[in-house]
Amino acid sequence: LPIFPKSSTMVSKIIQSIDLKFNHDITYIDTMTVRETGGDTTTIQFINPRVNQPIADDTWEMPPNEH
C-alpha cells in the first residue's frame, strides 16, 4: 500500500512515498519502506509484534531534564 505526500508540502521535497506491507490477516504492519526523493530508502521490518497488549502508564512518562 503506497502512500504519497501532498505535492505542495515540505515533506514531498524529502519523501517520495511510504510503502506499507501488512501481515496476512491485515492486523498489523509487517514492513514499512520510506522512499526518499534522492533515491535512498529505509526499510523497517517489525519482528514479533504484539497487538493490543497492555502498556504500563510509566512507559509514557518522561522525567524532567535536570542539566
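This is a guided tour of one protein chain, with a suggestion at each stop of what to select and a note on what is there.

**Before you start**

The model is predicted, so to speak of local features a pLDDT of at least 70 is needed, side-chain atom pairs count only at pLDDT 80 or more, and totals for chains, interfaces and linings use all residues. Residues are numbered from 1 along each chain as its sequence is written, and side-chain values use heavy atoms, with hydrogens and water left out.

**Stop 1: the whole chain**

Select the whole chain and show it as a cartoon, where you can find 1 helix and 4 strands; here helices (H or I, at least four residues) and strands (E, at least two) are DSSP runs, numbered from the N terminus. Starting at the N terminus, the elements follow one another as β-α-β-β-β. The radius of gyration of the chain is 17 Å, well over the 11 Å that the globule rule gives for 67 residues, so the chain is more spread out than a compact globule. That radius is taken over C-alpha atoms, and the globule rule is 2.2 Å times the number of residues to the power 0.38. If you turn the C-alpha trace along its principal axes, it spans about 45 × 40 × 20 Å.

Now switch on the surface. The accessible surface of the chain comes to about 6100 Å², and 56% of it belongs to carbon and sulfur atoms; such areas come from the Shrake-Rupley method with a 1.4 Å probe, and for residues only the protein chains shown count as cover. Of the 67 residues, 15% count as buried, where buried means under 20% relative accessible area, exposed over 50%, and partly exposed in between (1.4 Å probe, protein chains only).

**Stop 2: the sheet**

Select the strands next. In what order do the 4 strands lie in the sheet? They form an open sheet in the order β1-β2-β3-β4, with antiparallel pairing, and two strands are said to pair if DSSP finds at least two bridges between them. Strands β1 (2-3) and β4 (41-45) stand at the edges, each with a single partner strand, so one side of each is left without a neighbour in the sheet. As background, strands of a sheet pair through backbone hydrogen bonds, either parallel or antiparallel.

**Stop 3: β2 and β3**

Select residues 15-22, which make up β2, together with residues 29-36, which make up β3: these strands run antiparallel and are joined by 7 bridges. Ile15 has Glu36 of β3 as its bridge partner, while Asp19 stands opposite Thr33, also in β3. Between the two strands the hairpin has 6 residues, and there Ile26 takes a positive phi near 55 degrees.

Stay on β2 and pick Ser17, which lies in this strand. Is Ser17 buried or exposed? Ser17 has a relative accessibility of 4% and counts as buried. If you leave aside its neighbours within four places in sequence, Ser17 is in contact (heavy atoms within 4.5 Å) with Ile3, Phe4, Pro5, Thr33, Val34 and Arg35.

**Stop 4: β3 and β4**

Move on to β3 and β4, which pair in the antiparallel sense over 5 bridges. Thr33, already met opposite Asp19, also stands opposite Thr43 in β4. The hairpin of β3 and β4 has 4 residues between the strands, and Gly39 in its turn has a positive phi of about 105 degrees.

**Stop 5: the segment after β4**

Finally, select the segment after β4, where Asn48 is placed. Phi of Asn48 is near 55 degrees, a positive value in a residue other than glycine, and at 61% relative accessibility Asn48 counts as exposed. Asn52 belongs to the segment after β4 as well; although Asn52 is not a glycine, it has a positive phi of about 60 degrees, and its relative accessible area of 75% makes it exposed. For comparison, most residues other than glycine have a negative phi.

End at Asn65, which also lies in the segment after β4 and is exposed, with a relative accessible area of 64%. From C-alpha to C-alpha, Asn65 and Asp30 are 35 Å apart in space, and they are 35 residues apart in sequence.
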